[in-house]
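Welcome! Take a moment to look over the sequence and the 3D view, and then let us walk through a few places in the chain together.

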Amino acid sequence: MENNQSQQPQAQSTQTQFSTQPQMSYQSPQKPHKMRNILLIALGIFIIMTTTGGLIAYFSTQSTSKVADEFVEALVSGDYTKAHSYFSSSLKSMQSEQQFEDALSPAGFNSSCSLNVEGRKTSSSTSTGSKKTITGTIDCDDKKFPTELVFISEDDKEALLSYSIEPAR
């Protein structure tokens with residue numbers, strides 16, 4: 001009988017395993033990563049360009065701010081000849097030194113006055129090249145004069161194209 005038992009096929013046990021937790025496999029596609037990288041690169045380029053543009057605008061008006069300070073220093077010290085020397089040729093043809101002095105001497109500027117720059121702007125014009133505008137106030141001890149000075153480059157230096165100095169507030 002022993003022979004007989006060894007010849008009978010043995011039943012194989014087949015067990016199926018079930019899990020209460022589903023097993024999922026997910027691979028994210030590569031495109032969202034590429035899109036994110038492209039967006040990050042574009043954002044980086046945008047930041048670099050705006051920062052560079054801002055720095056260029058700041059430094060291009062920096063020398064203009066210095067000239068504006070020198071103009072106001074001459075004006076408040078009563079040196080109308082020196083202040084008038086900052087005028088562009090077109091502004092000189094519209095306003096003589098005497099007219100300039102007559103217009104601004106009643107303001108009563110004194111040594112306590114100085115230019116307080118609040119804004120700088122560069123804009124382009126086809127006929128005059130680049131215009132640089134300085135806005136702010138001329139601050140004196142007891143009064144402030146809202147001021148706008150517009151400069152152009154003339155003969156390799158900054159020249160005053162126009163100005164607006166409003167009555168004190």
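The disulfide between Cys113 and Cys140 is right-handed, because the torsion about its S-S bond is about 110 degrees. This bond connects distant parts of the chain: Cys113 sits in the loop between helix H5 (97–104) and strand S1 (114–125), while Cys140 belongs to the loop between S2 and S3, and the two are 27 residues apart. Keep in mind that you are looking at a predicted model. The structure holds 1 disulfide, and its sulfur atoms are 2.0 Å from each other. Are the two cysteines buried or exposed? Cys113 has a relative accessible area of 7%, under the 20% cut-off, so Cys113 is buried. Cys140 is buried too, with a relative accessible area of 10%.

Next comes Asp139, a residue of strand S2 (residues 129–139). Among the residues that Asp139 touches is Cys113, one end of the disulfide. Its other contacts, leaving aside residues up to four places away in sequence, are Ser112, Ser114, Asn116 and Lys144. Asp139 is buried yet has no salt bridge. Why does Lys144 not count as a partner? The Lys144 side chain, the nearest of opposite charge, is 4.2 Å away, and a salt bridge must be within 4 Å, so the pair does not qualify. Asp139 does have polar contacts through its side chain, with the side chains of Thr137 and Asn116.

Glu154 offers a second case of a buried residue without a salt bridge. Glu154 is part of strand S3 (residues 144–154). For Glu154, the nearest side chain of opposite charge is Lys92, 6.6 Å away. A polar atom of the Glu154 side chain lies 2.9 Å from the backbone nitrogen of Ser89. Glu154 also touches Ser88 and Ala159, apart from residues up to four places away in sequence.

Finally, turn to Glu97 in helix H5. Glu97 is partly exposed, with a relative accessible area of 29%. Glu97 and Thr81 are 16 residues apart in sequence, and their C-alpha atoms are 6.6 Å apart in space. Besides Thr81, Glu97 touches Tyr80 and His84, not counting residues up to four places away in sequence.

Here are the polar contacts between side chains from this tour.

| Side chain | Partner side chain | Distance |
|---|---|---|
| Asp139 | Asn116 | 3.4 Å |
| Asp139 | Thr137 | 2.5 Å |
| Glu97 | Thr81 | 2.4 Å |

Notes
Residues numbered from 1 in each chain as written. Predicted model: local features only at pLDDT ≥ 70, side-chain atom pairs only at ≥ 80, totals over all residues. Heavy atoms only, no water. Helix = DSSP H or I, 4+ residues; strand = E, 2+ residues; numbered from the N terminus. Buried < 20%, exposed > 50% of the residue type's maximum accessible area, 1.4 Å probe, protein only. Lys, Arg positive; Asp, Glu negative; His and termini not counted. Polar contact = N/O pair within 3.5 Å; in protein donor to acceptor, adjacent residues only side chain to side chain. Contact = heavy atoms within 4.5 Å. Disulfide = S-S within 2.5 Å.
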